[in-house]
Number of protein chains: 2
Amino acid sequence: MEQLSLGQYSLVYNSFSFVTATMAAATVFLFLSRSQIASHYKTAVTVAGIVTMIAMYHYFRIFNSWDQAYSVVNGVATATGHPFNDAYRYVDWLLTVPLLVTELILVMRLSGNEGTKKASRLAILAVIMVLFGYPGEISNVSSTRWLWWSLSMIPFLIIQFELFVGLRSSIALQPDSVRGMVSSARYITVVTWLFYPIVFILPMIGLTGANAVVGVQVGYSVADVLAKAAFGLFIYNIALKKTHSDVEASHPLSPDALVAL
Amino acid sequence: MEQLSLGQYSLVYNSFSFVTATMAAATVFLFLSRSQIASHYKTAVTVAGIVTMIAMYHYFRIFNSWDQAYSVVNGVATATGHPFNDAYRYVDWLLTVPLLVTELILVMRLSGNEGTKKASRLAILAVIMVLFGYPGEISNVSSTRWLWWSLSMIPFLIIQFELFVGLRSSIALQPDSVRGMVSSARYITVVTWLFYPIVFILPMIGLTGANAVVGVQVGYSVADVLAKAAFGLFIYNIALKKTHSDVEASHPLSPDALVAL
């Protein structure tokens with residue numbers, strides 16, 4: 001492990017604690033608020049909460065692993081020799097990235113089997129993307145990192161293209177009240193996901209030693225909060241708007257409409 | 001305990017953490033989504049969630065036991081002398097295997113007492129199967145392992161036969177929309193259950209030392225994810241489809257049908 005200043009050690013330590021609390025908060029909010037969502041969109045909200053719950057578990061483990069990797073005495077952080085387990089992130093992504101794609105497609109409620117097919121294809125690509133990233137992440141050799149990064153970018157770009165171009169026709173079929181939001185959800189996915197390959201290459205483009213450790217850990221933490229917790233709340237808002245517009249559609253003769261007659 | 005390389009130790013460590021997270025995710029999904037299932041099939045989904053919950057508990061214990069069995073300092077994994085408790089798996093199976101059989105039979109909703117009778121008979125056979133496996137698992141003597149494996153295979157094969165041939169006539173009585181899925185659930189059971197006797201014999205067919213330990217632990221982890229979490233989600237999907245087809249059957253005069261009149 002790299003030697004860190006106390007400030008660097010604490011920044012990572014507190015970031016991990018922050019993300020654990022944020023994921024827990026998002027999970028409980030999504031699970032409780034699920035009861036206000038119409039049956040058709042409930043599964044999207046359930047999956048959004050499960051994504052943040054899985055992330056909460058892994059940040060709890062990452063926090064403990066970081067805690068064990070250094071001992072802080074009299075203001076100095078010293079490596080204990082106990083390894084910091086980076087693999088938790090990849091185990092997390094293996095589960096959560098396919099589910100993130102699924103929650104977006106579920107809230108769109110595509111007709112027939114189209115949604116299931118699209119979600120399955122993108123979930124498989126997401127698993128391949130994560131598996132390709134791992135051998136690069138655990139390597140300190142720049143060329144090895146670039147090789148696996150490039151391989152991982154292939155499924156990454158296919159997913160981004162599928163979400164962006166492949167879903168464009170489905171956007172037109174969304175109810176008026178949420179069309180803009182569903183379209184934004186694709187942009188948010190593209191932008192938040194871009195954090196990951198950028199954080200990955202930080203140690204390859206000049207960030208070294210302790211700065212590389214801090215940059216990667218804090219970078220992934222920010223990316224996870226945006227791509228999972230913030231994205232989950234956005235999905236919840238789409239589901240809520242759709243719930244309201246479905247209620248209006250099924251009761252065209254609402255009290256207001258009756259008064260107008 | 002066998003000496004393991006850091007890579008071998010970490011692979012098992014991360015597999016256990018992965019299974020814990022997967023079982024937790026499946027449990028929460030099944031318990032929450034239970035509200036979207038018609039009353040007749042709710043118990044099948046409840047039981048599916050209880051199976052993954054029991055497995056989550058045991059993988060949490062197995063993870064801790066593995067963590068205590070080795071100490072990792074400066075990239076070397078050394079056995080601490082603290083035993084790795086393999087019995088957690090058998091305690092888990094003693095509870096979950098009878099419940100897995102039960103969830104399949106519950107979702108089929110056989111008429112009268114037929115379901116209860118079938119589920120009880122298969123559950124008793126499952127308990128005998130697990131009890132016969134354990135004396136073999138804790139033995140390092142190949143002939144002892146083969147003896148108990150063979151004894152355990154007798155109830156194993158009876159269960160497989162009962163599920164496959166005994167349930168065939170009931171498949172024909174399933175609603176059209178799920179007949180294929182219910183039939184697939186039997187195949188999935190047969191295939192995922194086959195992992196267990198195969199993983200069991202890995203140390204008897206040439207896998208030795210550290211490779212045997214890693215093969216058995218990762219093998220059982222994969223088998224448990226497929227036979228419990230993936231199977232549970234499949235049972236949920238059958239229950240959801242049956243819920244929809246029951247709703248349609250009980251409201252043949254939907255608003256669209258009324259307009260057509």
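**Figure 1. Polar contacts where chain A meets chain B.** In this predicted model, eight residue pairs make polar contact across the interface of chain A and chain B, with both partners at pLDDT 80 or more. How many salt bridges does the rule find across the interface of chain A and chain B? Zero. So if you go hunting here for a Lys or Arg nitrogen within 4 Å of an Asp or Glu carboxyl oxygen, you won't find a pair that counts as a salt bridge.

**Figure 2. Which parts of chain A do the touching.** Two helices are worth picking out on the side of chain A that touches chain B: α2 (39-69) and α3 (87-108) each bring at least two residues to it. Of the elements involved, α2(A) gives the most, with eleven residues. What kinds of residues sit on this side of chain A? Twelve are nonpolar, seven are polar and three are charged.

**Figure 3. How much surface gets hidden.** Here we zoom out a little to take in the whole contact between the chains. On one side are 22 residues of chain A, and they are in contact with 21 residues of chain B. People often describe the size of an interface by the accessible area that is lost when the parts come together. For chain A and chain B, that buried area is about 1,700 Å², and carbon and sulfur atoms give 64% of it. Three residues to look for are R34(A), Y57(A) and R61(A): they supply 23% of the area that chain A buries against chain B, more than any other three residues.

**Figure 4. A little hairpin in chain A.** Follow strand β1 (residues 70-73) of chain A and you'll meet its partner, strand β2 (residues 76-79) of chain A; the two pair in the antiparallel sense over four bridges. Look across from V72(A) and you'll see A77(A) standing opposite, in β2(A). The hairpin leaves two residues between β1(A) and β2(A), and in that turn N74(A) has a positive phi of about 50°.

**Figure 5. The hairpin in chain B.** Now switch over to chain B, where strand β1 (residues 70-73) and strand β2 (residues 76-79) pair in the antiparallel sense over four bridges. Which residue stands opposite V72(B)? That's A77(B), in β2(B). Two residues lie between β1(B) and β2(B) in this hairpin, and the turn includes N74(B), with a positive phi of about 50°.

**Figure 6. Where to trust chain A, and where to be careful.** Chain A comes to nine helices and two strands, and its average pLDDT is 90, with 96% of the residues scoring at least 70. Among its elements, helix α1 (residues 6-33) has the highest mean pLDDT (97), while helix α9 (residues 255-260) has the lowest (48). Over residues 257-261 of chain A, pLDDT stays under 50, and the model has two contacts beyond four places in sequence for this stretch. Where pLDDT is low, don't read the predicted coordinates in detail. As for the complex, the predictor gives an ipTM of 0.89 and a pTM of 0.91.

How values were computed. Residues numbered from 1 in each chain as written. Chains lettered and ligands numbered in written order. Predicted model: local features only at pLDDT ≥ 70, side-chain atom pairs only at ≥ 80, totals over all residues. Heavy atoms only, no water. Pairing = 2+ DSSP bridges. Contact = heavy atoms within 4.5 Å. Buried area = accessible area lost by both parts, 1.4 Å probe. Salt bridge = Lys/Arg side-chain N within 4 Å of Asp/Glu carboxyl O. Polar contact = N/O pair within 3.5 Å; in protein donor to acceptor, adjacent residues only side chain to side chain. Nonpolar A, V, L, I, M, F, W, Y, C, P; charged D, E, K, R; others polar. pLDDT = per-residue confidence, 0-100.
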